[in-house]
Protein chains: 2
Amino acid sequence: MIAERRATTIVDVALHARVSQATVSRVLNGKTTVDPAIAARVRQAVTELRYRPSATAQSLVRGRTSTVAMIVPDLENPLFQGILRGVSRSAARDGYRVLVADTAEDAAEERSASLEARRRCDALVLCAPRMPDREFAEVIAASHPVVVVNRAVPESAAASVGVDYASGIRELASHLLGIGHTHVVYLAGPPASTSNAQRLAGLREFRATHPEFRITELAVGSTLDDGYRAAEDALATGASAALAFNDMVALGLLSRLRELDVPVPDRLAVAGFDDVPTARFATPSLTTMSVPRQELGAQAWQRLKALLDGDPAEHAVLFRPRLVVRDSTGRRP
Amino acid sequence: MIAERRATTIVDVALHARVSQATVSRVLNGKTTVDPAIAARVRQAVTELRYRPSATAQSLVRGRTSTVAMIVPDLENPLFQGILRGVSRSAARDGYRVLVADTAEDAAEERSASLEARRRCDALVLCAPRMPDREFAEVIAASHPVVVVNRAVPESAAASVGVDYASGIRELASHLLGIGHTHVVYLAGPPASTSNAQRLAGLREFRATHPEFRITELAVGSTLDDGYRAAEDALATGASAALAFNDMVALGLLSRLRELDVPVPDRLAVAGFDDVPTARFATPSLTTMSVPRQELGAQAWQRLKALLDGDPAEHAVLFRPRLVVRDSTGRRP
DNA sequence: TTGTAGGCGTTATCAG
DNA sequence: CTGATAACGCCTACAA
C-alpha cells in the first residue's frame, strides 16, 4: 500500500497530547506560561510524532520569511564568494538564511532574478549590479528593504556598502609612480561594472595631478582567462607596469608572462585588486589592494538587519582598500 | 502620518477590477480560460496596483516552496563553489532557487543547519557532510528528498553523486611511479572528510599492488595555509614527490617551496586534486586530477528534481577524475 | 491556564 | 465563464 503521507501538523500533535492547537503552539514558542505537566505531554507528542512546524505557514502568519536573497553576477569570483560568506554567516547568527542567485553577468537576468527572489524573501542584497541605471532604480524601488554592495545609490533609496575603488587605484598608481613607472597599462574590467568606472575615474584624477604619468587603457575583462589573453597586448603598449582590474586578471596575466619568459617585475610590473586568497601564493607574489570581503558582507547584513527591524537606515560605509606590496611590482625598475 | 502599508493582496486587485479573487487568480495563472475583456481589466489592475503575489501564500497552498537548500562545509573552497554554481544554475532553469548554508567545517552546526534549512525548503543537497555516520543517517532520514554529494550513502536512503577519489589517486600515484618516484608523501585532508578516507584507501590499494612504492602520510588540512605550513615537514620525509589532498593545499605548498628555493619538480614533485581554476596558472603549473565541479552540481540537481517530481531515484553517479599532467611533476627525475 | 475562532494570501472545488 | 467558499498550517487575541 502506498502510504501517501501527509506531513504531521500541529493538529496531530494536539490530538495526540489531548490539548488544543493553541496550547501546542504556546509550548513550542514559549510565549505564555503553560502547566508543566501539559507542556511535558506536548513535548513528548512532538518527539513521538517527529513533528516539525511548517516554516511556510509560520512565514505566512508572521509576515516574514527570515530569509534574504543575494544576487551576484558570478559565483566564481572570489570577491563575491567572500561577501556571500560574510552575509551568510552574519545572517545565520540572527536566525536568517540566505538565498543566492547567480546571474552569469547577464544584466537582464539580474532584473528578473532580483524581482523574483524578492518575492520569497524579506529583503535583498544586490551585489555589484550590472543593470543600467533606469532598471536599477526600478528594481530598488520595488524591492525595499535593499542593501547594495559596490554600486553608488541615492542615499534614501537603499542602504549601501562599498569599496573606495577610486582612492584605491590612485594609491596603487602612486605606488607605481613612486618606484619609477611613468607608463602603465590598465587592464579594464567588464564595461557594465560600475566599480570599473570608479577605477577609471580614480586613474583620471591621478593623471590630472601627475601629468608625467601616462595611462594606456585596454579592454580586458574580469577572469583568469581574460588576463591570460591580454598579455601580448599589454606588452605591446610598451608600458613598464600593468594595473589589472582585479586579481584574477592579474594572475592570468602573470601566468602568460611566465610562459613568454617575460621577467616580472623587471620587464613588466603587475598589480591586481582585491587581494584574493591566492594572490599571496602566486609567483611572483602579487602586489594588490586588499579589500575586506567578508567584512563587506557582514556590514551589508548589519544594514539589512537594521532596515528589517524598522530602524533608521545606517550610514553608507566605504572601505578604503589597503595597499599590499609584494614581489610582482618589486623595487624601482 | 505614518502609513503602515500593508502589501497589496489579491483582494485589492479583485476589488479594483470589480471581479472575484478567483478570477484574478485564474488570469494570473492562466489556468481556466477567462473572458478577454475581464482578463484585460484584471491585468491592468495588477500593474496599476503593482501587485505581486505572495510566494509564501502560494507555497502554503501548493505544498511546495520551489526552493532547495544546499549545505556546504566551507564556501571558500573552489570545489564547493563550483558545485553550488552548478546546482544554482540548473535549478534556476526549473524554476527553483537555492538556499545556501556554510557550516564552517563544524559537524554539529551541520546537523542543525540541515534540519532547519530543510524546514523551509522542498529538498536538501548535502555537500561533503562531515557528520558522524549516526547523525548523518538521522539527518538523511528526516530530510527526504536528499541528494548527497561526495559521501557514500545507502542507495535507498538518498540519491548521490560523487567523485571516484580512490581511482583518481591511484592514477595519480601510478603517474608518479611511472616517472620514477618511489617515495611520495601524502598531505592528508580534514580527518572528518570521507573523501580524504577514500583517497587513503586508494593509496593503500595501490601500495598493495606496487610494493616498491612507499607512502608517508602527513596530517595537513584543506587550505592554502595548511599546505604552506606543511612544506618543511614534507621535505623532511625525504620523499621525492608530494601528493596533496587538494589543489589549495598543493598551491600553498608550491608557494612555500618557492620561498625556500626548493626546485619543483626536481627536488620535490607536487600534485594536487580538483583542478581548480588557478591550478593551470600556478608556477609551475600544477599537475592534478580534474573534477567536473559544475557538472557535479548539475547532476545533483537532476537527481533532486527527479525525486521532487516523484520519479524513481536515478542511479548514483561517480565521476572518474581525469589526470592533467602539467609542470609541477615534470619528467622522470 | 486553556480553548475557541479568526485571519495570514492563495488556490481550487463546486455551484450558479 | 464567474463567484462563493473551503482548505493550506500556524499564531494570537479574546473568551471562558
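Student: How many salt bridges does the structure hold over all chains, and what makes a pair count as one?
Tutor: The count over all chains is 34. A pair gets the name when a side-chain nitrogen of Lys or Arg is within 4 Å of a carboxyl oxygen of Asp or Glu. Bear in mind that this is a predicted model, where local features need pLDDT of at least 70 and side-chain atom pairs count only at pLDDT 80 or more, while totals for chains, interfaces and linings use all residues. Residues are numbered from 1 along each chain as its sequence is written, chains are lettered from A and ligands numbered from 1 in the order in which they are written, and side-chain values use heavy atoms, with hydrogens and water left out.

Student: Why is the pair A:Glu76 and B:Arg85 called a salt bridge, and what does the pair join?
Tutor: The closest N and O atoms of A:Glu76 and B:Arg85 are 3.5 Å apart, so the pair passes the cut-off. A:Glu76 lies in the loop between strand S1 (67–72) and H5 of chain A, and B:Arg85 in helix H5 (78–93) of chain B, so the pair joins two chains. Helices (H or I, at least four residues) and strands (E, at least two) are DSSP runs, numbered from the N terminus. B:Arg85 also meets A:Asp74 in a salt bridge, at 3.1 Å from N to O. Between chain A and chain B the count is 12.

Student: How do you know which residues of the two chains are in contact, and how many are there?
Tutor: Contact means heavy atoms within 4.5 Å. By that test, 48 residues of chain A touch 48 of chain B. The two chains bury about 4400 Å² between them, 54% of it on carbon and sulfur; buried area is the accessible area (1.4 Å probe) that two parts lose on being put together, summed over both. On the chain A side, A:Arg97, A:Arg119 and A:Phe281 lose the most area, together 17% of what that side buries.

Student: What makes a residue pair across this interface a polar contact, and how many pairs does the rule find?
Tutor: You need a pair of N or O atoms within 3.5 Å; within protein, one must be able to donate a hydrogen and the other to accept it, and residues adjacent in sequence count only if both atoms are side-chain atoms. The rule finds 24 residue pairs between chain A and chain B, both residues at pLDDT 80 or more. The elements giving two or more residues to chain A's side include helix H5 (78–93), strand S2 (97–102) and helix H6 (107–120). By class, that side has 19 nonpolar, 15 polar and 14 charged residues. Ala, Val, Leu, Ile, Met, Phe, Trp, Tyr, Cys and Pro count as nonpolar, Asp, Glu, Lys and Arg as charged, and the others, Gly among them, as polar.

Student: How do you know that S2(A) pairs with strand S2 of chain B?
Tutor: Pairing takes at least two bridges found by DSSP. Three join S2(A) to S2 (97–102) of chain B, so the strands pair, running antiparallel. A:Val98, for one, has B:Val100 as its bridge partner in S2(B).

Student: Which residues come nearest to DNA strand D, and what makes a residue count as near?
Tutor: One of its heavy atoms has to lie within 4 Å. Of the 25 residues around DNA strand D, A:Ile10, A:Tyr51, B:Thr33, B:Asp35 and B:Ile38 come nearest. Of the strand's atoms within 4 Å of the protein, 67% belong to sugar or phosphate and the rest to bases.

Student: Why does B:Thr23 qualify for a polar contact with DNA strand D?
Tutor: An N or O atom in the side chain of B:Thr23 is 2.8 Å from a phosphate oxygen of that strand, so the distance is inside the cut-off. A:Gln58 reaches a phosphate oxygen of DNA strand D through its side chain at 3.0 Å, and A:Ser25 does so at 3.1 Å. H2(A) gives the largest share of this surface, five residues.

Student: Which parts of A:Thr23 and A:Asp35 meet the phosphates of DNA strand C?
Tutor: A:Thr23 uses an N or O atom in its side chain, 2.8 Å from a phosphate oxygen. For A:Asp35 a polar backbone atom is 2.8 Å from a phosphate oxygen. B:Ser25 comes to 2.9 Å with its side chain.

Student: What makes A:Ala128 and A:Pro265 stand out?
Tutor: Most residues other than glycine have a negative phi, and most peptide bonds are trans. Phi of A:Ala128 is positive, near 45°. The bond from A:Val264 to A:Pro265 is cis, with omega near 10°.
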